Amino acid sequence: MKIRFIPVGLTRERKKSKKQFWGIYKNMENKFRPEILPLLWILLFFIAPLFIVLKISFAESIFKIPPFSEVFKMVEEHLLEIRINLKNYVAIIHDSYYVTTFLNSVLLSISATLVCTLFGLPMAYGIHNARDNIKSILLLSLSLSFWTSILIRIYSWMNLLSTHGIVNTLLLKSGVIDFPIQFQGNYYTICLGMVFCYLPFMIFPIYAVLEKIDRSYIESAYNLGCRSAKVFWAITVPLSKEGLLTGCILVFATSMGEFVIPELLGSAETITFGRVLWNEFFTNLDWPMACALSIAMMLFVILPIFVFQKKAGL
Amino acid sequence: MTIVPQQTKKNTELWQNPNIKPFIQIEGITKSYNGAVPLRDISLSIYKGELFSLLGRSGCGKSTLLRVLAGLEKPTSGRVLVDGIDVTSWPTYKRPINMMFQSYALFPHMTVYQNIAFGIKQDGLNKTEIDDRVREVLGLVQLTGYEDRKPHQLSGGQKQRAALARSLAKRPKLLLLDEPLAALDKRLREQTQFELVNIQEKVGITSILVTHDQEEAMTMSTRIAIIDEGKIRQVGVPHDIYEFPNSRYVAEFIGSINLFEGVVVEQELDHVLIESSEIDCPCYSAHTGVIPIGSNVTLAIRSEKVMISKQMPAQSQNWAQGLVKEIAYLGDVSIYYIRLNSGKVITATLPNLLRLSDKDFQWEDTVYVFWRSENSLVLNS
């Protein structure tokens with residue numbers, strides 16, 4: 001049996017005013033391209049300075065203000081002399097000191113990123129699943145950590161971990177150890193400092209993506225016979241891939257260039273790339289070398305990220 | 001149960017046969033939270049192989065009931081029995097009940113094949129068994145060849161079928177369909193209605209469908225439950241729901257109907273006589289229930305059962321005089337809005353046997369509306 005139903009009432013033609021309004025809006029949009037603003041900003045404050053750095057990296061270090069030779073020089077009226085000095089780049093590749101520090105930094109950053117992922121994912125998941133009022137408190141507290149200077153936060157870690165610091169004092173007093181433990185001056189402590197400082201960079205992007213996941217995916221997975229753990233690994237994690245990737249890039253990139261944490265929590269033996277850069281600039285006053293190092297690091301860090309992102313289809 | 005195409009003849013008498021035990025028993029399900037009561041004491045018996053519809057306006061609680069059945073929400077009280085087994089306390093992943101979500105919820109990071117295999121994998125089958133099952137349901141929903149597509153590479157109709165295949169692959173005892181056609185456009189929806197029913201009959205799976213679309217419920221289901229504010233208003237086959245609504249709410253909810261307030265003046269075994277201030281003459285209704293004389297009732301007449309004439313009907317009952325105020329032309333039919341002498345506007349739906357220009361009735365014509373006594377219904381006010 002089939003019964004047809006007829007809607008009661010006439011369907012009149014809709015007014016067109018709304019469509020016209022959007023038409024006008026679209027025209028306005030065409031005249032002003034919103035991407036101009038970020039483009040200008042990036043050009044002025046990122047691309048232009050980058051080229052200056054690139055230029056200096058090809059110069060020679062001399063004792064002068066500024067402490068580098070001219071790359072572009074008008075020798076005669078119609079003769080432009082370009083002197084490209086590749087000595088710095090050759091030194092970076094050949095000098096094992098630079099290569100080891102670079103590898104140290106990469107290893108350190110990868111460890112920090114891994115640990116951040118390990119803690120960040122369950123924490124973001126926890127916040128995502130918290131009750132609304134608790135959720136907002138947690139998010140607020142996390143962002144509050146940004147309000148305190150990184151310097152102060154690292155200093156408090158020094159206070160905790162130094163030879164006569166709080167942890168050692170407590171352990172000594174309670175009789176667990178007889179001699180203070182040397183916490184500072186190794187890569188583990190630097191990694192700890194980095195994780196402590198950059199964990200929010202991991203949590204926020206993952207949390208944002210988790211919030212966007214349609215609940216029906218999760219419910220559907222349960223309904224198809226999965227228990228919580230399986231749902232988490234098979235559905236939640238793959239669907240939050242975008243947030244994980246963003247978090248990893250943020251943590252890795254900031255860790256690579258970090259100077260304050262290895263300087264304060266490290267020792268003379270824990271040389272990282274950031275510290276080498278600092279030394280070249282301020283101790284050796286070798287600006288071209290420092291610039292070459294920056295460019296080299298950029299290439300080594302950006303290129304893999306670029307390829308990674310392309311592969312991940314973002 | 002197995003997904004083997006089997007000849008199932010539509011046994012419409014299942015629920016009338018007291019010897020057959022219902023396959024799904026919903027007993028006094030009540031759900032309340034934060035003061036709201038989305039489900040109030042819902043009891044339903046659903047038989048094997050049925051396609052049962054829960055029909056109601058949005059927010060009436062029909063989706064909540066479906067989620068309770070799926071185990072995604074816990075009822076405050078009541079029981080759900082599947083094939084005689086109480087599953088009320090079972091978590092959703094253990095229940096032999098699978099749900100097809102309104103949004104289809106196909107995992108975007110998996111291919112069609114992986115999506116369908118996902119559920120069966122949890123049952124611990126071996127690779128060849130999984131493969132066989134996936135191919136079987138893919139063939140059933142006619143998606144063979146689409147195994148390697150990702151959900152975003154499918155059209156709306158294909159997504160719907162993939163989602164159906166995923167729910168069927170688990171061979172559940174009960175299939176839940178949450179607004180399965182709501183995301184499709186009108187033309188595709190009509191076509192898919194029959195496809196869905198065909199697959200359901202072929203597999204012979206007991207199904208519960210939630211919809212707000214009465215046409216969908218009417219064409220597809222074996223029986224319908226009308227739900228309003230968390231309560232069941234009426235359960236019946238589509239024909240009964242339409243022709244014999246048990247209340248004013250159901251009458252108004254399904255189709256288009258004219259309602260008149262009146263008083264019973266005569267009550268016999270085979271009919272009642274009703275006088276209404278809204279109609280010129282007494283109304284003779286072939287109603288057989290017992291209604292005491294003097295009680296207030298509502299007389300209901302479906303729009304398509306109202307006839308129009310320019311001549312005064314010969315009968316002394318069941319007619320009224322009025323003026324044609326509006327004609328809504330819908331192509332196949334026209335709806336006439338006729339204002340009676342009492343001021344009451346009634347609607348009459350007439351098929352357009354003739355082109356509009358040759359119509360017998362035009363705007364502002366004085367006409368008589370009349371109906372057969374067996375076509376009027378008496379509802380308790």
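**Exercise 1. Work out how enclosed helix α1(B) is, and what follows it.**

Solution. Start with the count: eight of the nine residues of α1(B) are buried, so this helix is largely enclosed by the rest of the structure. Keep in mind as you work that this is a predicted model. Next, put names to the count: the buried residues are K62(B), T64(B), L65(B), L66(B), R67(B), V68(B), L69(B) and A70(B). Finally, step past the end of the helix, where G71(B) follows with a positive phi near 90 degrees.

**Exercise 2. Decide how much confidence each part of chain A deserves.**

Solution. Begin with the whole chain: chain A has a mean pLDDT of 86, and 89% of its residues reach 70 or more. Then look at the extremes among its elements. Confidence is lowest in helix α1 (residues 17–31) of chain A, with a mean of 56, and highest in helix α9 (residues 215–223) of chain A, at 95. Last, check residues 1–16 of chain A: pLDDT stays under 50 there, and the model has 18 contacts beyond four places in sequence for this stretch.

**Exercise 3. Sketch the overall make-up of chain A.**

Solution. Count the elements and you get 14 helices and two strands. Turn to burial next: of the 314 residues of chain A, 25% count as buried. Then consider contacts between residues at least 6 apart in sequence; 69% of these join residues at least 24 apart.

**Exercise 4. Describe how α11(A) packs against α8(A), and then against α4(A).**

Solution. For a pair of packed helices, the description rests on the angle between the axes and the distance between them.

Step 1. Take helix α8 (residues 187–212) of chain A and helix α11 (residues 241–256) of chain A: their axes come within 7 Å and cross at roughly 160 degrees. Angles over 145 degrees count as roughly antiparallel, which means α8(A) is roughly antiparallel to α11(A). The crossing is right-handed.

Step 2. Find the residues that meet. From α8(A) they include M194(A), Y198(A), F201(A) and M202(A), and from α11(A) they include L244(A), G247(A), L250(A) and V251(A). By class, the residues of this contact are 12 nonpolar, five polar and one charged.

Step 3. Repeat for helix α4 (residues 96–129) of chain A. Its axis and that of α11(A) come within 9 Å, crossing at roughly 145 degrees. This crossing, too, is right-handed. Among the residues that meet are S105(A), L108(A), A112(A) and C116(A) in α4(A), with L244(A), G247(A), V251(A) and S255(A) among those in α11(A). The residues of the contact of α4(A) with α11(A) divide into eight nonpolar, seven polar and no charged.

**Exercise 5. Follow α9(A) into the contact between chains A and B.**

Solution. First, set out the two sides: 22 residues come from chain A and 31 residues from chain B. On the side of chain A, the elements that give two or more residues are α9 and α10 (228–239). Of these, α9(A) gives the most, with six residues. By class, the side of chain A that touches chain B holds 13 nonpolar, five polar and four charged residues.

Now look within α9(A). Its buried residues are Y217(A), E219(A), S220(A), A221(A), Y222(A) and N223(A). They pack against α10 of chain A together with α1 (62–70) and β6 (97–100) of chain B. That brings us back to the helix of the opening exercise. To finish, note that α9(A) is followed by G225(A), with a positive phi near 110 degrees.

Definitions and conventions:
Residues are numbered from 1 along each chain as its sequence is written. Chains are lettered from A and ligands numbered from 1 in the order in which they are written. This is a predicted model: local features need pLDDT of at least 70, side-chain atom pairs count only at pLDDT 80 or more; totals for chains, interfaces and linings use all residues. pLDDT is the predictor's confidence in each residue, from 0 to 100. Helices (H or I, at least four residues) and strands (E, at least two) are DSSP runs, numbered from the N terminus. Two residues are in contact if their C-beta atoms, placed from the backbone, lie within 7 Å. Axes are lines fitted to C-alpha atoms, for helices over the stretch in contact, and angles run from 0 to 180 degrees between N-to-C directions. Angles under 35 degrees count as roughly parallel, over 145 as roughly antiparallel, 65 to 115 as roughly perpendicular and the rest as oblique. A crossing is left-handed if the near helix is turned anticlockwise from the far one by less than a right angle, and right-handed if clockwise. Ala, Val, Leu, Ile, Met, Phe, Trp, Tyr, Cys and Pro count as nonpolar, Asp, Glu, Lys and Arg as charged, and the others, Gly among them, as polar. A residue is buried if 20 or more other C-beta atoms lie within 10 Å of its own, exposed if 12 or fewer, and partly exposed in between; C-beta atoms are placed from the backbone.
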